[in-house]
Amino acid sequence: MTEPTTSRPPGDGALSGDGPDSFAVQIADQIESFTVAVTEVAKGDDPDSAVPYLLLQVSQLLLAGGRLGAHEDIVPEERYEPDTGPEPDMDELRERLASLLAPVDVYSEVFDPYVPRSTPVASRISDDLADVLSDLRHGMAHYRAGRITEALWWWQFSYLSNWGPTASAALRALQSLVAHVRLNTPLAELNGLDTDSDAEDGDLERQAGRVMEAEIAQPLGLRNGRS
C-alpha cells in the first residue's frame with residue numbers, strides 16, 4: 001500500500017504527550033488480537049472452524065473500527081508520515097486463506113451502496129482479509145515505534161478509506177455463509193461468479209454446499225432445516 005505523501009496540517013495530536021491512553025491501548029489490543037487470530041486461521045490447523053471464527057474476529061475488529069470512525073479527527077503532530085520500513089509480504093497468507101476457503105472464497109459485492117445502479121463485482125474473502133491486515137500492520141509499526149498518535153491517525157484514515165469498507169464486505173460474505181446454512185438455502189449465486197474458474201455449471205454450487213456442511217454446519221451444530 002502506498003503511504004500518504006502529501007503534507008498534513010500540524011496538530012496537537014490525539015493524545016497528550018503522544019502516550020498511549022486507554023483508547024489507544026484498547027484499539028491496538030483489538031487490532032493485535034485480530035492479526036494474530038487471522039494468521040492462526042490461515043495456518044489451516046483447524047479448517048472446520050475457519051468460517052465461524054473469521055466471522056467472530058471480523059465482527060470484533062469492526063467494533064474497533066466503529067470507535068475510530070466515531071472519534072473526532074485525529075491529527076498527527078508531524079507534517080509528513082514517518083517511514084515504517086518495508087511493507088510485510090501478504091501473498092503467503094492470502095494464498096493460504098484462499099486455499100482454506102475454496103470454493104466459498106469468491107462472493108459478489110457492491111463497492112459503494114450510495115452510487116446509483118452500482119454493478120456488483122466479484123470479490124474474495126482471502127483478498128479482503130489480507131488487505132485489511134496490511135493496513136492494520138502498517139499502523140501497528142507506528143504504534144510499536146512509540147508514535148501513538150500517528151498510529152491512530154493511520155488506523156482512522158485507512159478505516160474510512162480502505163480497511164473499513166473491505167472488512168465490512170468480508171463480514172457480509174461470512175455472515176451470509178452462516179445464514180445460508182441456517183436457512184437451508186443454496187449458494188446458486190456462486191455459479192459462474194469467478195470468471196477465471198474452469199468449473200462447469202453447477203459445480204461451484206455443489207462444492208460450496210459440501211464446504212458449508214463440513215466447515216460451518218457441523219462445528220456450529222447447525223442442521224439443514226428444522227427437525
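What follows is a conversation about the core, the largest pocket and the salt bridges of this predicted model.

Colleague: Which element gives the largest share of the largest nonpolar core?

Modeller: The largest nonpolar core has 49 residues, and those with the most contacts inside it are F34, L152, W155 and W163. Two or more residues come from each of helix 1 (22-42), helix 2 (50-70), helix 3 (91-101), helix 4 (125-144) and helix 5 (148-182). The largest share of this core, 15 residues, comes from helix 5.

Colleague: Which residues is W155 in contact with, if its neighbours within four places in sequence are left aside?

Modeller: W155 is listed with F34, L152 and W163 as having the most contacts inside the largest nonpolar core. With the neighbours within four places in sequence left aside, the residues in contact with W155 are I27, A28, I31, L68, D135, L136, G139, M140, Y143 and W163.

Colleague: Which element gives the largest share of the lining of the largest pocket?

Modeller: The largest pocket holds about 330 Å³ of space, and 18 residues line it, with F111, D128, N162, P165 and T166 nearest its centre. The elements that give two or more residues to this lining are strand 1 (106-109), strand 2 (121-124), helix 4 and helix 5. The lining divides into eight nonpolar, five polar and five charged residues. Its largest share, five residues, comes from helix 5.

Colleague: Is K43, which forms a salt bridge with E40, buried, partly exposed or exposed?

Modeller: The closest N and O atoms of K43 and E40 are 2.8 Å apart, and the partner E40 has a relative accessible area of 40%, which makes E40 partly exposed. Because the relative accessibility of K43 is 44%, and the partly exposed class runs between 20% and 50%, K43 counts as partly exposed.

Colleague: Where do R96 and E92, whose side chains meet in a salt bridge, both lie?

Modeller: The N to O distance in this salt bridge is 3.3 Å, and R96 is partly exposed at 39% relative accessible area. The two residues are four apart, about one turn of the helix, and both lie in helix 3.

Colleague: Which residues are joined with R94 into one network by salt bridges that share partners?

Modeller: D131 forms a salt bridge with R94, their closest N and O atoms being 3.4 Å apart. This pair links distant parts of the chain, since D131 is in helix 4 and R94 is in helix 3, 37 residues apart. D131 is partly exposed at 31% relative accessible area, and R94 is partly exposed at 21%. Through salt bridges that share partners, the residues joined with R94 into one network are D127 and D131.

Terms used: Residues are numbered from 1 along each chain as its sequence is written. This is a predicted model: local features need pLDDT of at least 70, side-chain atom pairs count only at pLDDT 80 or more; totals for chains, interfaces and linings use all residues. Side-chain values use heavy atoms; hydrogens and water are left out. A nonpolar core is a set of buried Ala, Val, Leu, Ile, Met, Phe, Trp, Tyr and Cys residues joined through side-chain atoms within 4.5 Å. Buried means under 20% relative accessible area, exposed over 50%, partly exposed in between (1.4 Å probe, protein chains only). Contact means heavy atoms within 4.5 Å. On a 1 Å grid over the protein atoms alone, a cavity is a set of points where a 1.4 Å probe fits but cannot get out, and a pocket is an open set with protein on both sides within 12 Å along at least five of seven lines; lining residues have an atom within 4 Å of a point. Grid points are joined across faces, edges and corners, and a volume is the space filled by probe spheres set on the points. Ala, Val, Leu, Ile, Met, Phe, Trp, Tyr, Cys and Pro count as nonpolar, Asp, Glu, Lys and Arg as charged, and the others, Gly among them, as polar. A salt bridge is a side-chain nitrogen of Lys or Arg within 4 Å of a carboxyl oxygen of Asp or Glu.
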